[in-house]
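User: I'd like to learn how to read a ligand site in a model like this one. Could you walk me through it?

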Amino acid sequence: MAEKKMIYLQPTPVRIWHWLNALGIVTLCVTGAQIRFPEYVPLFGNYKNAILLHNTAGFVVAISFSIWFFYYAFVARSMGKIYVPTKDDLQSGILRQAKFYFLTYFLGWENPHHPSPEDKFNPLQKSAYLAIMFVLVPLVSLSGILLTNVDPLRGLIIMVGGLKILMGLHFLLACSLCAFLFTHIYLATLGHTPFAHFKPMWTGWEEELEEHHSPAAH
Ligand code: HEM
């Protein structure tokens with residue numbers, strides 16, 4: 001028999017950050033595609049509109065990133081515990097979770113990780129979110145800031161290897177972020193129902209199913 005238990009998993013600042021960030025990054029990907037390939041993706045009228053929207057979305061991502069950082073580092077003070085994988089996660093947890101996503105999910109087995117507010121992410125999520133939030137988003141933002149301030153930051157741009165290298169770097173980092181987005185959304189649908197992981201990101205509350213076996217069943 002399965003019993004439903006509700007857990008408050010996603011506090012309001014995390015939800016505000018996440019959806020602002022998602023809106024900002026999706027806008028950055030689409031406008032970025034027009035800026036890079038204007039003849040194939042003429043979505044926002046002219047080139048100037050795409051640049052303006054791209055820069056505005058970059059600003060939204062910077063604001064939402066600050067909300068995320070401030071909340072986890074200074075209010076919840078749980079950034080290290082939630083986002084950094086443990087030795088056990090690296091030695092066996094990642095493999096256990098990958099086996100679930102690639103094989104046992106399709107056999108109807110239970111997810112080996114049960115989220116709680118202190119341990120929200122499975123080992124694969126921890127590793128992926130750590131790379132995204134501490135490496136990819138800061139680097140793509142930093143390269144974007146350099147590209148929007150070429151004149152005042154010329155010295156720094158030369159240190160990185162010049163404008164062409166910087167543009168290539170910004171594009172490659174953005175492609176990785178876009179690839180993460182597709183994987184992230186697909187994996188988020190693998191809950192006990194397709195929307196089970198989306199609901200807590202919207203309402204804050206996760207529905208956890210607890211299996212109870214009667215002794216007669218054994
Ligand atoms: C339309 C786009 C997006 C959708 C539909 C989406 C969906 C979700 C869902 C359902 C969750 C909760 C389940 C889970 O923990 O995996 C989640 C969490 C998360 N997402 Fe997204 N996401 C989107 C965009 C993004 C982007 C662009 C980023 C980062 C650049 C991102 C980073 C994260 C992180 C770090 C978490 C964990 C948040 C926390 O609890 O601290 N998401 N997302």
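Analyst: Happy to! Keep in mind that this is a predicted model. Let's begin with the shell around the ligand, where helix 1 gives the most, with seven residues. Helix 5 (123-148), helix 7 and helix 8 (198-203) also supply at least two residues each, as helix 1 does.

User: Which residues come nearest to the ligand?

Analyst: Of the 25 residues around the ligand, the nearest are His-18, Tyr-72, Tyr-83, Tyr-129 and His-184. Sorted by class, the shell holds 18 nonpolar, six polar and one charged residues.

User: Now the metal. Which protein atoms are donors of the iron atom of the ligand?

Analyst: They are the NE2 atoms of His-18 and His-184, lying 2.0 Å from the iron atom. His-18 belongs to helix 1 (residues 12-36) and His-184 to helix 7 (residues 163-188), so this pair ties together parts that are 166 residues apart in sequence.

User: And what geometry does the site of the iron atom have?

Analyst: Here is the general idea: six octahedral donors ideally make angles of 90 or 180 degrees at a metal. In this model, the angles among the six donor atoms run from 84 to 180°, and the site is octahedral.

User: Are His-18 and His-184 buried or exposed?

Analyst: Both His-18 and His-184 are buried.

User: Where should I look for polar contacts with the ligand?

Analyst: Look for pairs of N or O atoms within 3.5 Å. Tyr-129 has a side-chain N or O atom 2.6 Å from an oxygen atom of the ligand. For Gln-125, a polar side-chain atom lies 3.0 Å from a ligand oxygen atom. His-18 turns up here too, with an N or O atom of its side chain 2.7 Å from a nitrogen atom of the ligand.

User: Let's try a polar residue in helix 1, Asn-21. Why does Asn-21 count as buried?

Analyst: The cut-off for buried is under 20% relative accessible area. Asn-21 has 12% relative accessibility, so it counts as buried. Leaving out residues up to four places away in sequence, Asn-21 touches Val-61 and Ser-64.

User: What about the backbone: which phi value does Arg-77 have?

Analyst: Arg-77 has a positive phi of about 50°, although it is not a glycine. You'll find Arg-77 in the loop between helix 2 (47-75) and helix 3 (79-83). Exposed means over 50% relative accessible area, and Arg-77, at 69% relative accessibility, therefore counts as exposed.

Terms used
Residues are numbered from 1 along each chain as its sequence is written. This is a predicted model: local features need pLDDT of at least 70, side-chain atom pairs count only at pLDDT 80 or more; totals for chains, interfaces and linings use all residues. Side-chain values use heavy atoms; hydrogens and water are left out. Donors are N, O and S atoms within 2.8 Å of the metal (3.2 Å for Na, K and Ca); water is not among the atoms, so sites may look incomplete. Four donors count as tetrahedral if all angles lie between 85 and 135 degrees; four count as square planar and six as octahedral if opposite donors are over 155 degrees apart and all others between 65 and 115; anything else is irregular. Helices (H or I, at least four residues) and strands (E, at least two) are DSSP runs, numbered from the N terminus. Buried means under 20% relative accessible area, exposed over 50%, partly exposed in between (1.4 Å probe, protein chains only). A residue is near a molecule or strand if one of its heavy atoms lies within 4 Å of it. A polar contact is a pair of N or O atoms within 3.5 Å; within protein, one must be able to donate a hydrogen and the other to accept it, and residues adjacent in sequence count only if both atoms are side-chain atoms. Ala, Val, Leu, Ile, Met, Phe, Trp, Tyr, Cys and Pro count as nonpolar, Asp, Glu, Lys and Arg as charged, and the others, Gly among them, as polar. Contact means heavy atoms within 4.5 Å.
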